[in-house]
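Visitor: I'd like to learn how to read the place where two chains meet. Can you walk me through one?

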Amino acid sequence: MTFNSLNFIFMFLPAALLLNHYLPSARAKNIMLVVLSFLFYAWGDPAALLLLLISIGWNYLTALQMAAEDDDRKKKHQFVLGIVMNLVILGVFKYTNFILNDVLFLHRQLDIALPVGLSFFLFSEISYLADVYMGKSKASHDLVEYSLYVSFFGKISMGPIVQYHDMEDQLGERTIDPYDAGQGALLFTKGLIKKSLLADQFATLFAATAGSTSVLGAWLYGAAYMLEIYFDFSGYSDMAIGIGQMFGFHMDPNFNHPYIAKSVQDYWRRWHISLSRWFRDYLYIPLGGSRVSNRKYIRNILIVWFCTGLWHGANWTFILWGLYFGAFTLLEKFYLKDFLSKHTKFGHIYTLLVVLVSWIFFCSPDIGTAFGVIGRLVGIGASAWADGSTAFLLLNNWFLLLLGVLFSMDIFKNLQTSILNRYKKKGITWMTAVYLVGFVLCIAFIVGGTFHPFQYFAF
Amino acid sequence: MSKRTITILRYVFFALIIGVLAMNLHQPADCNKSVNTVTKQTMASVNTKSLEQQNNQEIKRFLQLDASMYDGIVYYKDSDTMKADELLIVKFKDHSQAEDFNDKMQTRIDSQKKIFAGYAPKEADKLDAAVVDVRANYALYAVSKNADTFDQQFRAALK
């Protein structure tokens, strides 16, 4: 089941909200949410639920074992074993074929299905073990609350990867403020609009430009994917955070208009924020962060970006994508920081270009294809500067591209704030109408079958 | 919960994790039967009168597969163009062909869905329930109301 399906919007979510409203106690609400979350997760793949349950049990018990240990060395052993088993599960399900074919060149393809959300919920569980080990949180003695943290249907499929200590206090009793619930519903609608009306249309444009061999075609291909993945993933995140708000959970934003960033470092403080924070808190800082010699700092940056790339997928293109950003992080740290801070317009254009090229690595099936497209951006290997079909696509999609560019910036947010401040009650009515019309259009697109699966489901 | 109970339960879950991983890593052995034998057993006792066997050119045309790359390939398609039913069985020369096979079948399913989604929802439903099953050196692709039956008989045929 996905957030942009009719089953979810008109059956599952309303049922969950009603039950949450009418159930008498916090405990009953939590049990209900856990049961519904398991149902949500098992909907498309019941076998995957078994793995989820086993991983919940393993990590819950590991934290209890750590808490019961007086000896620090034994506590560390339990922690390391706990982490290793999580990484082994991730490795087997996600990286077996990559290791067999692309690392060991054994030309063997095993039939192993990657469970939805595996990377996301295992990282949440690693966060839990690390928080307990480092003393940021106490081990949970409530299996229902722990299960809710891991499996809450609002975030299990594609995040955000909420760190345990950020959610710990919300797992017991939650107050649902009507204003918050309303904001949650609004955010969910906004996310649905981003996904159905923008991301899916850019997906169609991206598919249509895939065969182009011209310079213009390569640019349109890159731009279409850049906008598709932003609206797809940020749309999903908005829906996830909105759902959380409707049930009394407060999760931090996962995106902050990344395409207005003035540097690569700024970009990564705005894109998939929960993942960046996870790697910062649980890998970069334990390695020493930036409080080390230059040599070790470079090592730390490359390790973090290697892992970030690898997390996204079992392919050399993802690893190269991660290391590419690592290289630009180092370049900015050692050479460009002052220049970019003084020349923000240049910084913005430079960041957009770096990010566009990065997405070409991300969406290509192999490194050769990626370099082929990147070459065509500057005319290398291109058949022409422009071709008829690309020009046709550009002519027919210029308005979509304009909307994509405008809405990827903070223009809509500022416009909404300005309308509400200036027109007060009338402004509320108009904005409500805009969201309602947007929602109805989304449903029309979903009913029409013209929707694509979420991109980050693949991770 | 006492420390002893936690330790015992942890051993249980450790064993469960190893068990789940082992089940997923265990893969079926290669089948030495000919593709015609496997196809016959796959299609047994199912009404396949409307399915017509296609030649290599049509395999290339509809599925973008080069028949000469495989040890054996059999493709059936419904004679009625308004139906999405099709059945494909391939025998790989090399296991590395499986990934490309999966990709091509997914592309086929996606393009067929775009065609049928607008005017033949029942055919589109068949595509949603399409089976792509890779078992060692054999693979099945089936779009049919009997897709699950084909898959069960396919797996039985490989034993």
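Guide: Sure, and keep in mind that this is a predicted model. Let's begin with polar contacts: between chain B and chain A there are 5 residue pairs in polar contact, both residues being at pLDDT 80 or more.

Visitor: Which elements give two or more residues to the side of chain B that touches chain A?

Guide: On chain B they are helix H1 (3-25), helix H4 (97-117) and strand E4 (131-135). H1(B) supplies the largest share, with 14 residues.

Visitor: And what classes of residue does that side of chain B have?

Guide: You'll find 13 nonpolar, 5 polar and 6 charged residues on the side of chain B that touches chain A.

Visitor: How many salt bridges are there between chain B and chain A?

Guide: The count is 1 salt bridge. B:Lys3 pairs up with A:Glu69, and their closest N and O atoms are 3.4 Å apart.

Visitor: How do people put a size on an interface?

Guide: Often by the accessible area that is lost when the parts come together. Here, chain B and chain A bury about 2400 Å² between them, and 70% of that is on carbon and sulfur atoms. In residues, the contact takes 24 from chain B and 28 from chain A.

Visitor: Back to the start of chain B: what does UniProt say about residues 7-25?

Guide: An unreviewed UniProt entry annotates residues 7-25 of chain B as "transmembrane region". In the model, that span is 100% helix and 0% strand, and its end C-alpha atoms lie 27 Å apart.

Technical notes: Residues are numbered from 1 along each chain as its sequence is written. Chains are lettered from A and ligands numbered from 1 in the order in which they are written. This is a predicted model: local features need pLDDT of at least 70, side-chain atom pairs count only at pLDDT 80 or more; totals for chains, interfaces and linings use all residues. Side-chain values use heavy atoms; hydrogens and water are left out. UniProt positions are given in the numbering used here, feature names are shortened, and annotations may be inferred rather than shown by experiment. Helices (H or I, at least four residues) and strands (E, at least two) are DSSP runs, numbered from the N terminus. Contact means heavy atoms within 4.5 Å. Buried area is the accessible area (1.4 Å probe) that two parts lose on being put together, summed over both. A salt bridge is a side-chain nitrogen of Lys or Arg within 4 Å of a carboxyl oxygen of Asp or Glu. A polar contact is a pair of N or O atoms within 3.5 Å; within protein, one must be able to donate a hydrogen and the other to accept it, and residues adjacent in sequence count only if both atoms are side-chain atoms. Ala, Val, Leu, Ile, Met, Phe, Trp, Tyr, Cys and Pro count as nonpolar, Asp, Glu, Lys and Arg as charged, and the others, Gly among them, as polar.
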